[in-house]
Amino acid sequence: MQRRILVIGAGFAGMWGALAAARLIDLHGGDIEVALVAPEPTLVMRPRLYEENALSMVTPLSALFAVTGVRYIQGSVETIRSEANEVAIAHADGIRSVLSYDALILAAGSQLFRPDIPGLREFAFSIDQLDDAATLEAHCHALAQRPDTPARNNVVIGGGGFTGIEIAAEMPARLRGILGPDAAIRVVVVEQAPEIGPDLGPGPRPVIQQALRDLGVETRLGSGVAAIDADGVTTAAGERIETNTVVWTAGVRASPLAAQVPGERDRLGRLMVDRTLRAPATANVFAAGDTVCAATDDAGHRSLMSCQHALLLGRCAGNNAAAQMLGIEPIPYSQVRYGTGLDLGPWGAVQTMGWERRILTFGAEGKVRKRFVNGELIYPPRPDRAAAFAAADPAPSIAFYAKPV
Ligand SMILES: Cc1cc2nc3c(=O)[nH]c(=O)nc-3n(C[C@H](O)[C@H](O)[C@H](O)COP(=O)(O)OP(=O)(O)OC[C@H]3O[C@@H](n4cnc5c(N)ncnc54)[C@H](O)[C@@H]3O)c2cc1C
């Protein structure tokens, strides 16, 4: 009887997981189906959702799945029953079904965490998912129809981390394009930590501060957003900022499906896994991307909710799920080398290397690299079986990431 590897999610981790599993089965033979369930057969380019034209940030995957023999199932997994090796799926037409698996790869990504701040759910926009970014963009365009008031011209970004900085740096030019070059635009980042980019550390901070200053982006540090309403934000320090546009960026959590797999989780709800990316409390559940907290090296570093990690985690999880079923040696996941590229809008970008985030390059030069990553590096392979399988092999990526720079 045909056995099945089931992948949940068509993001960076899920797509590469399915391709890597299909590749290994192709190499070694075996009557094993690779099936992937996701709401759409598309890859949403989530790292680009701070850019303009949000609705263009999506790449079709049907042709790629067809040539590589990955069976796509449209739907959303509601329940994982690991004790029974099955999942319950809700399909777009309202029908529900149950699908069994011999190995499962959880790659359902993450979601923005919205804390219990008054007005946040009702009034704040986000750029977390494709629809969120498109809604924000439509709202920004509609601002042009409103009277010229501070509330129309001001934008407040909730959270001064990676995503908050990227969208803040974009906003002045984007709003000037919509409201006109003379509009009195103010963009204010409200961050409860005492420093901008608290998780980015001190390395790139001077560059970020300089870029935000040059772009005219204001910051309110050491004081979080306390309340949001239709016309403004009140900070914990008691400041009132009139605005019709609040963009919430602070905090992300793993897909709630991660909580349905037996085992330990970290504070972001991510599954703790062994070096093969298997949840140790299960025999056959692997995880990748934003749903997993995996050791990247022997120095105590852990994977981040980042594309950089999802791309290799996916390849390894897919390879190892197939390896387990084929009875061959898995490839231990490792990703020693780590770098970051932070977009700073028209000012440029800053590229860092290492976990301490030493600056490698910034400004226009940094932007060239960021454009390459966003416009090429993270895109799926073309729908060609041999090329896709070659790209899905985890070994070259593991070798590339083997040494810190
Ligand atoms: C605005 C923004 C900027 C970012 N910038 C960067 C950056 O510069 N660099 C970087 O490295 N990372 C960046 N990231 C993070 C990066 O996008 C994520 O780490 C990456 O997308 C994780 O990949 P993933 O495959 O785990 O999840 P995702 O890409 O989120 O994919 C999840 C998949 O699972 C599917 N899914 C979800 N729930 C279910 C379900 N119940 N059933 C079936 N399918 C389901 C989704 O539809 C999707 O197909 C950014 C993220 C955002 C939002």
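Here are some friendly notes on the fold of this predicted model, going from its domains to its cores and then to a few local elements.

1. Let's start with the overall division. The protein splits into domain 1, made of 3-111 + 252-337, and domain 2, made of 114-248. Between their centres, taken over C-alpha atoms, there are 33 Å. Where the domains touch, domain 1 supplies 14 residues and domain 2 supplies 11 residues.

2. Next, have a look at the interior. The largest nonpolar core holds 109 residues, and the members that touch the most others in it are I5, I8, I80, V87 and L106. Since domain 1 (3-111 + 252-337) and domain 2 (114-248) both contribute residues, this core lies between them. Another core, of 13 residues, lies apart from it; L112, I117, L120 and I241 are among its members.

3. L106 is a handy residue to click on. Which residues is L106 in contact with, leaving aside its neighbours within four places in sequence? They are I8, I80, L257, A258, V261, L271, F286, A287, A288 and T291. I8 and I80 from that list also appear with L106 among the core members that touch the most others.

4. Helix α4 covers residues 130-142. Its 13 residues reach 18 Å from the first C-alpha to the last, close to the 18 Å expected at 1.5 Å a residue. The buried residues in α4 are L130, A133, A134, L136, E137, H139 and C140, so you will find E137 and H139 listed there alongside the leucines and alanines. The cover over these buried positions includes β3 (42-44), β4 (58-60), β11 (124-125), α6 (162-179) and β18 (245-248).

5. Now for a hairpin. Strands β7 (residues 86-90) and β8 (residues 96-100) are paired antiparallel through five bridges, and A88 sits opposite V98 of β8. Five residues lie between the two strands, and in this hairpin G94 adopts a positive phi near 95°. V87, one of the core residues touching the most other members, falls within the 86-90 range of β7.

6. Finally, there is an open sheet of three strands, ordered β23-β24-β25 with antiparallel pairing. β23 (339-343) and β25 (358-363) are the edge strands; each has a single partner strand, so one side of each has no neighbour in the sheet. From one strand to the next the twist averages 15°. Strand β24 (residues 349-353) is joined to β25 by five bridges, with M353 facing R358 of β25.

Notes
Residues are numbered from 1 along each chain as its sequence is written. This is a predicted model: local features need pLDDT of at least 70, side-chain atom pairs count only at pLDDT 80 or more; totals for chains, interfaces and linings use all residues. Side-chain values use heavy atoms; hydrogens and water are left out. Two strands pair if DSSP finds at least two bridges between them. Helices (H or I, at least four residues) and strands (E, at least two) are DSSP runs, numbered from the N terminus. Axes are lines fitted to C-alpha atoms, for helices over the stretch in contact, and angles run from 0 to 180 degrees between N-to-C directions. A nonpolar core is a set of buried Ala, Val, Leu, Ile, Met, Phe, Trp, Tyr and Cys residues joined through side-chain atoms within 4.5 Å. Buried means under 20% relative accessible area, exposed over 50%, partly exposed in between (1.4 Å probe, protein chains only). Domain bounds come from an automatic or database domain assignment. Contact means heavy atoms within 4.5 Å. The expected span of a helix is 1.5 Å times one less than its number of residues.
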